[in-house]
Each structure stands twice: as C-alpha cells, then as structure tokens.
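Here are some friendly notes to read with the structure open beside you. Take the points one at a time, and find each place on screen before moving on.

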Amino acid sequence: MEQRVGAGVQLVDRRKTRLRRRLSPYLLIGPGGLWLLVFFLIPLFFMASVSLQTGNLFEGFRFTWHFANFSDAITQYHVQFLRSLIYGSIATVATLIVSYPLAYWIAFHGGRHKTTYLLLMLLPFFVSFVIRTLAWQFILSDQGIVLGTLKSWHLLPQNFHVLATSTAVIAGIAYNFLPFMALPVYVALERIDRSVLEAAKDLYASNVKVFTKVTLPLSVPGVFAGVLLTFVPATGDYLNAQILGGTNTTMIGNIIQLKFLQDFDYPTAAALSFILMAALVIGIVIYARVLGTRQIEEYV
Amino acid sequence: MSVVATTEPEITRVERPPARRPRRRWTRFILPVYSAIVLFYLVLPILVMILYGFNNSGFKRVSFRWLGFTTEWYRKLFAIPDLTNSLKNSLVVATVSTLIATALGTMIALALVRYRFRGKSTSEFVMFLNIAAPEIVLGASLLSLFVTFGVPRGLPTIIIAHVMFNIAFVAITVRARLAGFDREVEEAAQDLGATPWVTFWRVTFPIIFPGILAGGLLAFALSIDDFIITNFVAGATQTFPLWVYGTVKVGIPPQVFVMGTLIFTVGVIIALVNVATQRRKAPRAE
C-alpha cells in the first residue's frame, strides 16, 4: 500500500515536471529570441521597405513600391558590386593559400609549442580592426619603413606605389580575415585521426599520396567553413578600401556607407544593402543546406 | 591477438630510417620556414603599432617617417579629451552589452542543449544566419529600423546593436561547453530537496561558469572592436574604433597606437592566464 501512495505522489510530481519541461525551453529562449527577432529579423523587412521608398531627408520618405531604386542601383553601381565580389574571392583564395600550410604545420609539427603558435596565429585579433588596417597603411606608405627603406637603397623606383591600388586593398582584406580561414582549417586538421595516416603509410602510400588522398579530403569541411567565414566579411568590407584604397578601388560597402551616413539617400542605400544581402544570403543558405549549419558552426 | 601481431613489425619499420630520407633533406625545411614567414606577416602590423607608439614625431600627428624614440605619448595618454571620451564610451558599451548578451545567450544555449522543442531548428538557423550575415547588412537594416521609427542614435542604439550581434556567439560558445555536462549531478541535488532555482545557482552555474566566461570574453572582445555595425547606428556618439577611423583623414595622434598597444597587452595577458588555468585544470580532469 505504501508503495502505491508513493507512486501516486511521484505521478503528480512527474506531471508537474513534465509541464515545466515543456514550458522552460520557451522561457529560456524567449528573451534572446525576442531580441534577435526585433533587432535582427524585423529590421531586414524594414530595410526592404525603405528600399522601395521615394523622397528625401527634408520632405520625408514615402513608401511607393518604387522598384526603380533597385534597377537604378544596379545600373549605377554594378561596377562596385562586381569589384566587391572579385576582391572578396581573390582575398579568400589568398587566405586559403597562405594559411593552409601554416595550419598544417601547427597541427602536425607544432609539437610542444602548439598553443604558442596558435596564439601567434590569432594575435592580430587582439588588435583593433581599425588600428590593424592603419598599421598596414603605415607599412605600405610611400615613405614608410618598408617602401621608404627600399627606395632609399634604390631597390625600388621613386614612383613605386602600393597604397591606393587594388593590390593594397586585397592584401589588407586578406590580412584582416586570415585567422577566420586559418582557425577552422586548423581545427579540421587537428581532428584527423593520426592512426588513419599511419594506416595509409603502412599500405605504402607516399607522403604526397597520404596528403592528397587522406589529409586533404578530411580537411575539406574546415576549408568550406573557412571560405564562408572569410568570403562574407571580405565582400561586405569597406574599411580596407577606405584606408588602403583610392578612388578606383571603391567597394559596394563604401557606397552603402556613403549613401546611408553622408548623402542620407536611404532608399538607394537600402536597395544596395538588400541586393548584397540577397546575393550573399542565398549563397550562404545553399552552402549551409549542402554542408549543414551545425558543421559550419562547429568551426566558428 | 592478430592486431598485435600485425602492428609490431610496423613499429620496427618506422624506427628504421626510410631509404628516401637523405634525398629529401632540404625540402623538410620548406614548411617550417614558410610557417615562420606567415607568422611574421601576421605579427608585423602589431610590431608596427607598438613601434609607432614610441615614434618621436615631434608634433601631434604620427608621421610615416621614424624620427627617434620617445615615451612622451605614454605620459600624455589621456591628453586628448575626445579620445579618452570615446574609450570610455567603448568600455560602457562593451560592459553593458556583454552582460546582457551573455545572460540571454546562456539561456538560449541551455534551452538548445537540454530540451527538444518545436522551433528548435528554426532558432538554430536564425542564429547561424545572424553569424553568417555580412555586418554591413546588419548595420544597414538596423539603421533602416531606427530611421523608420525616428529613434535617435546614440549609446542605447549602439548597445542594442552589440547585444544583437553577440547573443549568437555567446550561445554557441556556451553550448559547446555544455555538451559534456553530467546531468546526474543536478538530479542528485534535486533528490536532496533543492529547488530548481537553488540547483541552478549552486550546482549548474558553477559547473558551466568557464563556458559562460569564455562566451562573455568573446562578446566583450567583439564589442570593443566593432567598427562596421557601430558606424551605422552610432549617430554622433564616438566609440574608440569610430574615433580612430575619424582621425585617418586629419592625421592620427600617436596616442591611438599607445592605446592600441595597451589594449593588445591586456588581451594577451587575459589569453595567457586562460591558457595557464586550463593547463592547470587539465590533469585534474583526467
């Protein structure tokens, strides 16, 4: 008898906990979810709405389904759009080429000082993005420590410039986002089971074969994550073009920033951002569908 | 048994130097040298920043030329009121937004790890989108919202924006640390009569605290450094990165590099302490 009463009490208890279990995830996710809804998702709709408005700052803007904002934006700024995509792509490939061997070396030959090398690799993140870029301006400037010295030794002609060229902008972007590529690649390489590599060697695969047939394929998820994490901010960036570039290196980010904050031409700016977002988000979603978001998040 | 039998000859084979080794001797230096060059390339701008903080340019703007060593700018660190003020703003924004984002992000992480519920995969996808979306779009869309409702831009809007981009980062960081959490400890506490509230603060929180701390530090670092989104929602308010950006056209005071050096030093010290404590804890975990 006593046992049965105990069971009844447990049943009520269990029902209570079950209700709590059903409600608690929503209570936990509620505040943060609401914040993201109001300040991340809903603003995207307002951006879409602003992009279809007409008017100006003094007379006010009105929603008029003005789709011409989009066609005007594309005809006027397709050069900058294209340039952003090209710069972003070149910078992403450059970071991959530069960081893969480094990540490989740290993962497989880092030895006891692995953590130290990793910290060195991530060191740029401890310096403000703006200051990092400014430092490159100093390095690449005509009278700076590198070019100035080389010129005074007559190793470079006096009229040699790097600043204000697309090379400077792409190099700056590649530098600033390199750890975004290097870290996921490193994580993927580090995860590879060493016994698999041993097995390949035991089966008389040459070092080159081990790399191309085993290591490289196993590191591909990290490379994919790195490409996403690098390409998106690289394409949307405008700071590098602003500080290291000139008039011929303007990216779409510069235009959006200018239209929003200086010209107060909100509709055009919103239309441009919307196109950029659509292009990148469609790409991201396809990318995520193919790879799975979890797989990319693991490397963030 | 057969496994042991097959592996043993292999070990002896590895110990014997491979026949091809002498031919490849110089090539094994390629990778370390390349890596050293890349690491130097990564560190170079930091060295430049530290160096130019000591450049005796003689006037109030850093010159590209090296004009001798001085510690003057360290002594006159707070001589520019606007710079000091912008740094204060940055610290306020980073502190407040980190506290809010860490609390909200930790709650999301708890919900995602512990419960199965309708809308879970949607929330995960929204967070993924939030991290993957280009910053310029986040800034532009938030500004569109503020413009539409005529919200004046200033410190509150900056804090709103920073919490928005930090929540997902905190949630993912904490979730990763929650994965190995042993729930039986909580059940034990509740069996001993602890209320859920007491269980959380006395049992769960201390265990997941390292994860929360990691998430919070990440949020603080992202917040204090953010330029792109802040530039859109700041109005006339200046944060440290915005102020530095503003000086590019008129000339950069050397104090900017000094401030950068000091922030860098603090960040590296925190990272080293973090690594050291993790190393100390590692043997105990085993």
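**Notes on the two chains**

1. Let's begin with domains. In chain B, the domain assignment gives domain 1, covering 15–73, and domain 2, covering 81–252. The C-alpha centres of these two domains of chain B lie 34 Å apart. Please keep in mind throughout that this is a predicted model.

2. Chain A also has a domain assignment, with domain 1 at 4–50 and domain 2 at 71–297. Taken over C-alpha atoms, the centres of domain 1 and domain 2 of chain A are separated by 38 Å.

3. What is chain B built from? Its secondary structure comes to 12 helices and 0 strands. Reading from the N terminus, you will meet the elements of chain B as α-α-α-α-α-α-α-α-α-α-α-α. Of the 286 residues in chain B, 40% are buried. Now look at contacts in chain B between residues at least 6 apart in sequence: 79% of these join residues at least 24 apart.

4. For chain A, the count is 12 helices and 2 strands. Where do the strands fall? Along the sequence, the pattern of chain A is α-β-β-α-α-α-α-α-α-α-α-α-α-α. Buried residues account for 43% of the 300 residues in chain A. Among the contacts in chain A with a separation of 6 or more, 68% are between residues 24 or more positions apart.

5. Next, turn to the place where the chains meet. The contact takes 73 residues from chain A and 69 residues from chain B. On the side of chain B that touches chain A, several helices each supply at least two residues, including helix 2 (30–52), helix 4 (81–114), helix 6 (135–148) and helix 12 (255–285). Which helix of chain B gives the most to this side? That is helix 2, with 14 residues. Sorted by class, the side of chain B that touches chain A has 54 nonpolar, 10 polar and 5 charged residues.

6. Now for helix packing. Two packed helices are described by the angle between their axes and the distance between the axes. A good pair to start with is helix 4 and helix 7 of chain B, whose axes come within 6 Å and cross at roughly 40°. Angles of 35 degrees or more that stay below 65 fall in the oblique class, so helix 4 of chain B is oblique to helix 7 of chain B. The crossing of helix 4 and helix 7 of chain B is right-handed. By class, their contact has 19 nonpolar, 7 polar and 1 charged residues.

7. Helix 7 of chain B, residues 155–178, also packs with helix 5 of chain B, residues 120–132, at an angle of about 120° and with the axes 9 Å apart. That angle makes helix 5 of chain B oblique to helix 7 of chain B. Here the crossing is left-handed. From helix 5 of chain B, the contact is made by B:Met127, B:Asn130 and B:Ile131, and from helix 7 of chain B by B:Ala168, B:Phe169 and B:Ala171. These residues divide into 5 nonpolar, 1 polar and no charged.

8. Helix 4 of chain B also packs with helix 11 of chain B, with an angle of about 145° and axes 7 Å apart. On the helix 4 side of this contact in chain B you can find B:Asp82, B:Leu83, B:Ser86, B:Leu87 and B:Ser90, which meet B:Phe240, B:Leu242 and B:Trp243 of helix 11. The classes here are 5 nonpolar, 2 polar and 1 charged.

9. Back in chain A, please look at A:Phe264, in the loop between helix 10 (252–261) and helix 11 (266–291) of chain A. A:Phe264 is not a glycine, yet it has a positive phi of about 50°. With 13 other C-beta atoms within 10 Å, A:Phe264 is partly exposed.

10. Finish with A:Tyr266, which is found in helix 11 of chain A. Is A:Tyr266 buried or exposed? A residue needs 20 or more other C-beta atoms within 10 Å to be buried, and A:Tyr266 has 24 such neighbours, so it counts as buried. Leaving aside neighbours within four places in sequence, A:Tyr266 is in contact with A:Val50, A:Phe61, A:Phe260 and B:Val147. A:Tyr266 and A:Asn56 are 210 residues apart in sequence, while their C-alpha atoms are 8.2 Å apart in space.

Note on methods:
Residues numbered from 1 in each chain as written. Chains lettered and ligands numbered in written order. Predicted model: local features only at pLDDT ≥ 70, side-chain atom pairs only at ≥ 80, totals over all residues. Axes fitted to C-alpha atoms, helices over the stretch in contact; angles between N-to-C directions. Helix = DSSP H or I, 4+ residues; strand = E, 2+ residues; numbered from the N terminus. Parallel < 35°, antiparallel > 145°, perpendicular 65-115°, else oblique. Left-handed = near helix turned anticlockwise from the far one by under 90°. Contact = placed C-beta atoms within 7 Å. Nonpolar A, V, L, I, M, F, W, Y, C, P; charged D, E, K, R; others polar. Buried ≥ 20, exposed ≤ 12 C-beta atoms within 10 Å, placed from the backbone. Domains from an automatic or database assignment.
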